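Please load the model in your viewer with residue numbering switched on, and keep a selection command ready. The tour below moves from single residues to helices and then to enclosed spaces.

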Amino acid sequence: MTAQEVLELIQQAKDERAGKLDLSNKNLTEIPPEIAQLTSLRVLELSGNQISEIPEALAHLTSLQELNLSINRIRGIPEALAQLTSLQSLDLRNNQIREIPEALAQLTSLQGLDLSDNQISEIPEALAHITSLQGLDLSDNQIREIPEALAHLTSLQFLDLTNNQISEIPEALTYLTSLQFLDLTNNQIREIPEALAHITSLQILDLSDNQIREIPEALAQLTSLQYLYLYNNQIREIPEALTHLVNLKRLVLENNPITNVPPEIIRQGWGKTIWDDGNPQAIFSYLKNKAKRPLNELKVLLVGEGDVGKTSLLKRLLHNTFNSGEPKTPGINLEKWQLPQKPDIRLNLWDFGGQKVMQTTHQFFLTKRSLYLLVLDNRKNEQQNRLEYWLKLIETYGGNSPVIIVGNCADENPPQVKIRTLQKKYPQITKLIATSCKTGAGIEQLVQEIASQIDAIPHIKDLLPNSWFEIKTQLEAMQESYDFISYEKYQEMCQKAKIKEASDQKSLVQFLHDLGIVLNYQDDPRLNETNVLNPEWVTSGVYDILNNHDLMVQKKGILSLPDLENILKQTQRYPENKRRFLMDLMGKFELCFPLDGYSPDRYLITDLLPIDEPDVDIYENAPLHFQYRYDILPGSIISRFIVRNHQMIYKTMRWRSGVVLTMDLNKALVRADEEDNYISIKAQGSRASALLAIIKTDFDKIHATIPNLAVQERLVIRELQGEKPTGVEVPVDYLHLIELDHQGVVEAILPGLRGKYNIRDILEGVESKTERARDLDIREERGRKSRENRPMGPKTPETPNLLKPSLALLLVLAVVACIVAVIAHFVPDSKHITSVLTIIVIFAFIVFVLLLLTGKINQTTFNQLFEVLSRFIPTFKGQEPKTNNDDTSQETPKSEQ
């Protein structure tokens, strides 16, 4: 908006004696002095500009009640602002303020003060004089201490001091008797003072990301508390006294070394995310139950590519036998095993089929607090064994579970693994052991390593209620005869075992699900009425569907429910009333979706879509190009994305690794490249950025469901020389651009690009400021994980680059030309040599022109190369080449190589 248009808005507000003026996001660099004349103004919005100073004249707005100056570049608060005695709300978040002036204490009507995301290091005691204050946000600053004087703010209901450097909670805070919300996340607090229990009005308490070791029993007196967040601390025990918190809806204790409650029970303290209500009563029921005995079980999962010998290894471990013609495992095989060294511990062995078509079902069963045997074929290298893919998959679904890498076929080859390098990147790797299932070599060493890991894995000997053991034992016995039972039947069993409360029954079935005893999805109404007792029942059914040749080749992945009669090989195991359950389970994990416009009995299975992509050339040069780059790209991500967005698919433009989406007249090409671990989004149309926002939101939701996922966001920027594109395209770290904008940088030189670029113009062409800020901390964390694991340069795999070999050829020609030129200069009568030199120079010039025309080099580079070439021309005349002592050798920019 122009300065004249802003002045017209101010004049209009003056003429109408308006009570509100909104000048937010108007690219203002200063507050127009004319605003001071609007004495009737009650609300003034100036957020999202580039204002660096608050003029003292603003103090003339004595009727002002709300002032919003957030997201600017303000460095100081003038004391004159204290004259706004009617002010009730002052928002100065996201600026560059270093100090809170004591004069603010004169704002006696102030109810809400937001100074978050600044550079404040101290809270002045004078702030305690604003006794009308109800909300105070000082998060994201550099505050080290909470002054005791703050206790005088007896009307305070909301206090946020997240992301500071506070090491102690003063007991004086107990006088804040009206306080309902207290957030001290991400500080350096070591102890929760017992006096905190006196704030009986407290409903939300967040002390996550600190160094707290103990929960005081006195906290049980906070009977109004509904949400208690203590994740990412060092708490080792949950006190039984917390069972008195009867109104608690969320108890988030993730990432604490708690020993007195199993992690599966702790996990029930919150919902799907930590911001969803959970079932803390499950934790309290466990604490109250005194009749317990140890679990003494461990889940051991054998994973790896197909044909590496997982089943042969299993049989050598269990029975000391070997069969050279061992058939492939069609899905999953479960066995029980007791080590002689650990007779009191039962190992539940899960042997997974490694065929690529079955890898999408692994997410059903890979769990934490397990032991993983990653089996490789020593005759293949790391890439052929897809070693990093499997390690990343284990890290994603198995967390910090230990991994033993087993190099099979040691009788033919030693393992081809850089084990020390891998252990630095994946510290959960305990050992590399070379084995031969054929000769038995290395098997005893593997058994010893498994035994040693049993002692190291926590929670194996967790105490469980005796009644839970009774149900667990009954269900395991039923697995021999039943593939599944109804939830109603399970409830009857619980009643007989004296587990009568519905919440306790849900807690138990969730625990059994996490242990892998049953499959039950309480959060999905399509699935929660069935308990799957035999996981192989699921994998066999899915395997039959995904391996059906007719479904893949003839029907292009479109399945009708009646077709399952012919697709499922053991139809008697899959009665008609359970076939939809199988499809709904695949739908839950986004492996298929019901086709619109048809009856609900028709589904499209994304893994059976055609491999070849259709002609999408018209979308390749779309102006908006965004990328997600992964350390390891899980194959399920693009399949799930296609399922989630099936209603937006343009005509039938869908294939196994990509899709074209449409919204109004806008189109987006979304394509995954598993080899180079990235997904690209190319959007075009008048509302391309709106379509990209929808796509990004869905990818963010998918990313959120995959723990420990490392991914970087990249915006592909076209290099410009003046107004013209040079043909160079470079993926730039998108979150770095957001950070530059946050720091107030207007123009910047970007990695791999020449010239300066307007940061805000680039970002506004992608998404709004609000959209950019959405879940920014989570996205930054995923980006950090990616940078820790593997630095990813600005790579553009779609465009083959012939510049390096071309320049190498030119270098050879230049060397030859120099030699011939020297001979021609010093050897008399060498006209034939001069002719050869002339031909070489002409040939080099032609190559330069071709590189320019094909976009491999830009005009500037062409000029530089031609200048070098022209320096040889005087040699033809027997002259010395011109030199300039001031010249420095220039290296071709990386963006052009």
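In which loop is D140 found? Select D140 and follow the chain to either side: the residue is found in the loop between strand 6 and strand 7 (158-160). Please keep in mind throughout that this is a predicted model.

**Residues with positive phi**

While D140 is selected, display its backbone torsions, because D140 is not a glycine and yet has a positive phi of about 60 degrees. Its relative accessible area is 34%, and D140 is therefore partly exposed, a class that runs between the cut-offs of 20% and 50%.

Go next to D664, which is found in the loop between strand 27 (658-663) and strand 28 (666-673). D664 is likewise a residue other than glycine with a positive phi, here near 55 degrees. Is D664 buried or exposed? With a relative accessibility of 57%, D664 counts as exposed.

**The whole protein**

Zoom out before selecting anything else, and colour by secondary structure: the protein has 24 helices and 33 strands. If you colour by accessibility instead, buried residues make up 53% of the 897 residues. Of the contacts between residues at least 6 apart in sequence, 54% join residues that are at least 24 apart.

**Helix 1**

Select residues 3-15, which form helix 1, and place a distance between the C-alpha atoms at its two ends. At 1.5 Å a residue, the 13 residues of this helix should span 18 Å, and the end C-alpha atoms are 18 Å apart, which agrees. Within helix 1, now highlight V6, I10 and A13, which are its buried residues. Turn the view until you look down the axis of helix 1, where the buried residues fall within an arc of 60 degrees, so that they line one face of the helix. An α-helix has 3.6 residues a turn, so residues three or four places apart point the same way. Show strand 1 (20-22) as well, since the buried residues of helix 1 pack against this strand. Helix 1 is followed by R17, whose phi is positive, near 50 degrees.

**Helix 14**

Select residues 576-588 for helix 14 and repeat the end-to-end check. Its 13 residues should span 18 Å at 1.5 Å a residue, and the end C-alpha atoms lie 19 Å apart, which agrees. Which residues of helix 14 are buried? They are K578, R579, F581, L582, M583, D584, L585, M586 and G587. Step past the end of helix 14 to E590, which follows the helix and has a positive phi, near 60 degrees.

**Two buried residues and their contacts**

Select A128, in the loop between strand 5 (112-114) and strand 6 (135-137). Its relative accessibility is 5%, and A128 therefore counts as buried. When residues up to four places away in sequence are not counted, A128 touches A149, L150, H152 and L153. For A128 and A149, which are 21 residues apart along the chain, the C-alpha atoms are separated by 5.9 Å.

Move on to Y372, which lies in strand 16 (residues 371-377). Y372 counts as buried because its relative accessibility is 0%. Leaving aside neighbours within four places in sequence, Y372 is in contact with ten residues that you can list in the viewer, including L301, V303, L366, I394 and P402. Y372 and L301 are 71 residues apart in sequence, while their C-alpha atoms are 4.9 Å apart in space.

**Cavities**

Finish by switching on a cavity display, in which there are three cavities of 30 Å³ or more. The largest cavity has a volume of about 130 Å³. Its lining comprises 17 residues, of which E297, L298, K299, R369 and L515 lie nearest the centre. Strand 13 (297-303) and helix 10 (502-515) are the elements that give two or more residues to this lining, and the largest share, three residues, comes from strand 13. By class, the lining of the largest cavity divides into seven nonpolar, four polar and six charged residues.

The last selection is the second largest cavity, which holds about 40 Å³ of space. What lines the second largest cavity? Y389, K392, L393, T396, Y397, I632, P634 and I706 do so, and by class this lining has six nonpolar, one polar and one charged residues.

Technical notes: Residues numbered from 1 in each chain as written. Predicted model: local features only at pLDDT ≥ 70, side-chain atom pairs only at ≥ 80, totals over all residues. Heavy atoms only, no water. Helix = DSSP H or I, 4+ residues; strand = E, 2+ residues; numbered from the N terminus. Expected span 1.5 Å × (residues − 1). Buried < 20%, exposed > 50% of the residue type's maximum accessible area, 1.4 Å probe, protein only. Arc of directions from axis to C-beta. Contact = heavy atoms within 4.5 Å. 1 Å grid on protein atoms, 1.4 Å probe; cavity = no way out; pocket = protein on both sides within 12 Å on 5 of 7 lines; lining within 4 Å. Points joined across faces, edges and corners; volume = space filled by probe spheres on them. Nonpolar A, V, L, I, M, F, W, Y, C, P; charged D, E, K, R; others polar.
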